[in-house]
Amino acid sequence: MILDSINQELLTLKEKKNYRSLPQLIHDGRDVTVDGRRMLNLSSNDYLGLANEVSLREAFLKTITPETFLPTSSSSRLQTGNFTAYQELEQQLATMFGAESALLFNSGYHANTGILPAVSDARTLILADKLVHASLIDGIRLSSAKCIRYNDLAQLRRLLEENHGMYEKIIIVTESIFSMDGDEADLQALVRLKHDYANLLLYVDEAHAFGARGEKGLGCAEEQNCINDIDFLVGTFGKAAASAGAYIICRQTIREYLINKMRTFIFTTALPPVNIQWTAWVLKHFADFRSKREHLLQISRKLKEALTEKGYNCPSVSHIVPMVVGASEDTIRKAEELQRKGFYALPPTVPEGTSRIRFSLTADITEKEIDTLIEIING
């Protein structure tokens, strides 16, 4: 009976076009081959194109030996897994951001599901942007805080006015660049709100901005000059940094508190030290990738302008450029047409009526390839 109900749920997902399956992909640099068809990958989070830079890997491999190549930490950091590489990378990050401290995590999901439950309780109110990532929603659900979702700054101001005296602590939770629409939060406006209330903290997830935005690649907080005004500045290495893991930039007190209270940090085997060394190597070169960031911005603007001229709703101000179609069936047909013509772009799972193809652009995509994509869309 239990398996029958599970099978029925799977059938329902298929009927609603929300069924997921693992794609059978063959990767070759920027391209993927699916069912014998080779296509340019427009669904990758490798925003700077570093995952395909063999020269970067070759240079890194010259820095390690069989003795220093450590493929496992074999323990949590609170036991015997706290290798020197971790402490060095955390210091490197703190220096890059000009902050008191940093702390590493195994993934962005670990960060977002672990930090909020650790720092909140029943006397905490979380005000979360309605479009925050599933990992942040799960972190909120795991906490004992009350949560209200907000749609815009005007509603957020109103919620703060109504609730600030009723809670010991209020945490505003947002992303800097949102993964569905590619739009950007006004971090400076949030910082101004924070300064109006003594019990207000600010949590910003920079997963899609770290590496891709800012003069030094430190994200939207660098661009908007508010790094030191954000209490929980979180980012990931699995996208533009071509690695794995995540970080928080924070005050030393918060770092120590998380080490003692954050379950997804305490009860997990640490990432392999060689992974940490690779991340540190990539970050040493981050400031040198300015031309990549500029090219990424240029091709992103070009695609957005073309989509807007064609009549598509495209709120993006970033390298995540959605083509909002509407009906799921129409979106699937357009995605299949693009794939037939050599572009691998996928529709994410979104509410019915808002279906879109999400172009996730990377710095190693050429302007000529964007022109070809635009021609297909306009055709």
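Helices and strands here are DSSP runs, numbered from the N terminus, with at least four residues for a helix and at least two for a strand. With that in hand, you can place D35: it sits in the loop between β2 and β3. Keep in mind as you look around that this is a predicted model.

**Starting at a small sheet**

Let's stay with D35 for a moment. Its phi is positive, about 50°, although D35 is not a glycine. In general, most residues other than glycine have a negative phi. D35 is also exposed, with a relative accessible area of 79%.

The strands on either side of that loop are partners: β2 (residues 31-34) and β3 (residues 37-41) pair in the antiparallel sense over four bridges. Within this pairing, V32 stands opposite M39 in β3. Both strands belong to an open sheet of four strands, in the order β1-β2-β3-β12, with mixed pairing. At its edges are β1 (26-28) and β12 (343-344), each of which pairs on one side only.

S74 is another residue with a positive phi, about 65°, although it is not a glycine. You'll find S74 in the loop between α2 (54-61) and α3 (84-97). S74 is exposed, with a relative accessible area of 60%.

**The seven-stranded sheet**

Now turn to another open sheet, this one of seven strands. Its order is β4-β10-β9-β8-β7-β5-β6, and the pairing is mixed. β4 (101-105) and β6 (146-150) stand at the edges with a single partner strand each, so one side of each has no neighbour in the sheet. From one strand to the next, the twist averages 20°.

How do strands hold on to each other in a sheet? They pair through backbone hydrogen bonds, either parallel or antiparallel. Here are some of the pairings in this model, including one that involves β11 and β13:

| Strands | Direction | Bridges | A facing pair |
|---|---|---|---|
| β5 (residues 124-129) and β7 | parallel | five | L127 and I172 |
| β7 and β8 (residues 200-205) | parallel | six | E175 and D205 |
| β4 and β10 (residues 246-250) | antiparallel | five | L104 and Y247 |
| β11 (residues 320-326) and β13 | antiparallel | six | G326 and S355 |

β7 turns up in two of those rows, pairing with β5 and with β8. The chain leaves β7, passes through helix α7 (residues 187-196) and arrives at β8, and this β-α-β crossover is right-handed. That helix, α7, lies across β6, β7 and β8, and runs at about 160° to β8.

Is β7 (residues 169-175) largely enclosed or largely open? Six of its seven residues are buried, so β7 is largely enclosed by the rest of the structure. Strand β13 (residues 355-360) is mostly covered too, with five of its six residues buried.

**Two helices that cross**

Helix α4 (residues 108-119) packs against helix α9 (residues 252-261) at an angle of about 100°, and their axes are 10 Å apart. That makes the two helices, α4 and α9, roughly perpendicular. Which residues make the contact? On the α4 side they are I115, A118 and V119, and on the α9 side Y257, L258 and K261. Sorted by character, the residues of this contact are five nonpolar, one charged and no polar.

**Two buried residues in helices**

Finally, have a look at a pair of residues tucked into helices. S135 lies in helix α5 (residues 134-142). With a relative accessible area of 3%, S135 is buried, because anything under 20% counts that way. Leaving out residues up to four places away in sequence, S135 touches Y109, N112 and T113. If you want to get a feel for distances, try S135 and Q224: they are 89 residues apart in sequence and 25 Å apart in space, C-alpha to C-alpha.

The other is T279, which lies in helix α11 (residues 273-284). T279 counts as buried as well, at 1% relative accessibility. What does T279 contact, leaving aside its neighbours within four places in sequence? Its contacts are L89, F237, S243 and A244.

Technical notes. Residues numbered from 1 in each chain as written. Predicted model: local features only at pLDDT ≥ 70, side-chain atom pairs only at ≥ 80, totals over all residues. Heavy atoms only, no water. Buried < 20%, exposed > 50% of the residue type's maximum accessible area, 1.4 Å probe, protein only. Pairing = 2+ DSSP bridges. Right-handed = clockwise from strand over helix to strand, strands pointing away. Axes fitted to C-alpha atoms, helices over the stretch in contact; angles between N-to-C directions. Parallel < 35°, antiparallel > 145°, perpendicular 65-115°, else oblique. Contact = heavy atoms within 4.5 Å. Nonpolar A, V, L, I, M, F, W, Y, C, P; charged D, E, K, R; others polar.
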